[in-house]
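The report below describes a single protein chain, moving from one helix to the sheets and then to selected residues. Please read it alongside the sequence and the coordinates.

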Amino acid sequence: KHYAGMKMVREKDAIYFAICIFDSHLKNIREIYRYTHPFFKRKRKINHVNIRVSSYFVFNNKIFVDGGKGIINVYDENGKMLYTINHEFEPIKISKDDKERYIEFWKSDIKAEYKVYKQRLEFPTYFPAIRDFQVANGKIYVLTNKKKDGENELIIFNLKGKLLKKTMAPLLETNMILPHLFCYYTIQNNRIYKLVDNQDKETWELHITEPLLANR
């Protein structure tokens with residue numbers, strides 16, 4: 001009966017992105033989570049490995065929200081908190097190469113923003129625990145910032161947060177600073193489906209992985 005969506009909220013000198021529950025006429029029923037976007041907080045430093053509109057996913061009338069610091073909050077269809085999943089993720093330190101990649105991304109892909117905000121950019125010591133996540137087929141699939149041989153770590157949980165498997169996924173970044181634009185992919189039927197831009201052939205390809213979990 002309801003919609004889950006996101007809206008922008010302005011208060012004083014800050015702008016927030018709020019995840020809300022709306023009725024069938026898009027009337028706001030309840031705000032369940034908000035995140036302050038650092039671009040819109042005057043004179044504050046910008047942690048640009050964690051510029052994010054907090055991601056959320058709806059599955060079986062429940063709303064799963066990335067609450068930051070490795071926490072996923074779970075709400076019912078009315079926005080009532082049901083429980084919290086708090087997994088102790090391995091801390092991934094930001095290397096010199098990582099910093100150079102991010103700066104190069106700003107300079108090449110978002111030049112105008114770089115000119116405006118470059119004096120405010122800063123790097124924390126570690127990456128955020130959760131890079132991106134999806135919920136499908138009764139599982140939570142969490143991408144972290146751990147990389148190896150061009151792949152990213154994918155951690156699979158059940159809906160209550162019980163660890164089922166850790167694996168590496170062949171997913172490449174398409175937008176470094178926005179996790180919800182991480183890659184053109186989705187997870188269904190225990191497999192990853194991703195769109196790959198083959199620039200040599202000037203075509204798009206659909207790549208499908210082997211099953212992520214055995215006998216599922």
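## Helix α1 and its two sides

On one side of α1, K96 and D97 are exposed, where exposed stands for over 50% relative accessible area, buried for under 20% and partly exposed for values in between, computed with a 1.4 Å probe on protein chains only. On the other side of the helix, D98, Y102, F105 and W106 are buried. These four cover an arc of only 95° around the axis, which puts them on the same side of α1; the arc is that of the directions from the helix axis to the C-beta atoms. An α-helix has 3.6 residues a turn, so residues three or four places apart point the same way. The buried residues of α1 pack against α2 (111–117) and β9 (121–122).

The length of α1 can be checked as well: with 14 residues at 1.5 Å a residue, a span of 20 Å is expected, and the end C-alpha atoms are 20 Å apart, which agrees. The expected span is taken as 1.5 Å times one less than the number of residues in the helix.

## Basis and confidence of the model

This is a predicted model, in which local features need pLDDT of at least 70 and side-chain atom pairs count only at pLDDT 80 or more, while totals for chains, interfaces and linings use all residues. Residues are numbered from 1 along each chain as its sequence is written, and side-chain values use heavy atoms, with hydrogens and water left out.

The mean pLDDT of the protein, that is, the predictor's confidence in each residue on a scale from 0 to 100, is 87, and 89% of the residues reach 70 or more. Confidence is lowest in strand β4 (residues 46–47), with a mean of 78, and highest in β8, with 97. Where pLDDT is low, the predicted coordinates should not be read in detail.

The protein contains two helices and 16 strands; these are DSSP runs numbered from the N terminus, helices being H or I over at least four residues and strands E over at least two. Of the 216 residues in the protein, 43% are buried. Among contacts between residues at least 6 apart in sequence, 42% join residues at least 24 apart, a contact being heavy atoms within 4.5 Å.

## The sheet β14-β15-β16

Three strands form an open sheet in the order β14-β15-β16, with antiparallel pairing, where two strands pair if DSSP finds at least two bridges between them. Strands β14 and β16 stand at the edges with a single partner strand each, so one side of each is left without a neighbour in the sheet. The twist averages 20° from one strand to the next, based on axes that are lines fitted to C-alpha atoms (for helices over the stretch in contact) and on angles that run from 0 to 180 degrees between N-to-C directions.

The two hairpins of this sheet are set out below.

| Hairpin | Residues between the strands | Turn residue and its phi |
|---|---|---|
| β14 and β15 | two residues | N189, positive, about 55° |
| β15 and β16 | four residues | E202, positive, about 55° |

Strand β14 (residues 185–188) and strand β15 (residues 191–198) are paired over four bridges, and I187 stands opposite I192 in β15. Six bridges join β15 to strand β16 (residues 203–208). Across this second pairing, Y193 stands opposite I208, V196 stands opposite E205, and D197 has W204 as its bridge partner.

## The sheet β10-β11-β12-β13

Four strands form a further open sheet, in the order β10-β11-β12-β13 and with antiparallel pairing. Its edges are β10 (132–136) and β13 (163–169), each with a single partner strand, so one side of each is left without a neighbour in the sheet. The twist here averages 25° from one strand to the next. Strand β10 is joined to strand β11 (residues 139–148) by five bridges, and the bridge partner of Q134 in β11 is Y141.

## Two buried residues

H87 lies in the loop between β8 (81–86) and α1 (96–109). Is H87 buried or exposed? H87 has a relative accessible area of 19% and is therefore buried. Leaving aside neighbours within four places in sequence, H87 is in contact with G70, F157, L163 and K166.

I19 lies in strand β2 (residues 14–22) and is buried, with a relative accessible area of 1%. The C-alpha atoms of I19 and R34 are separated by 6.2 Å, although the two are 15 residues apart along the chain.
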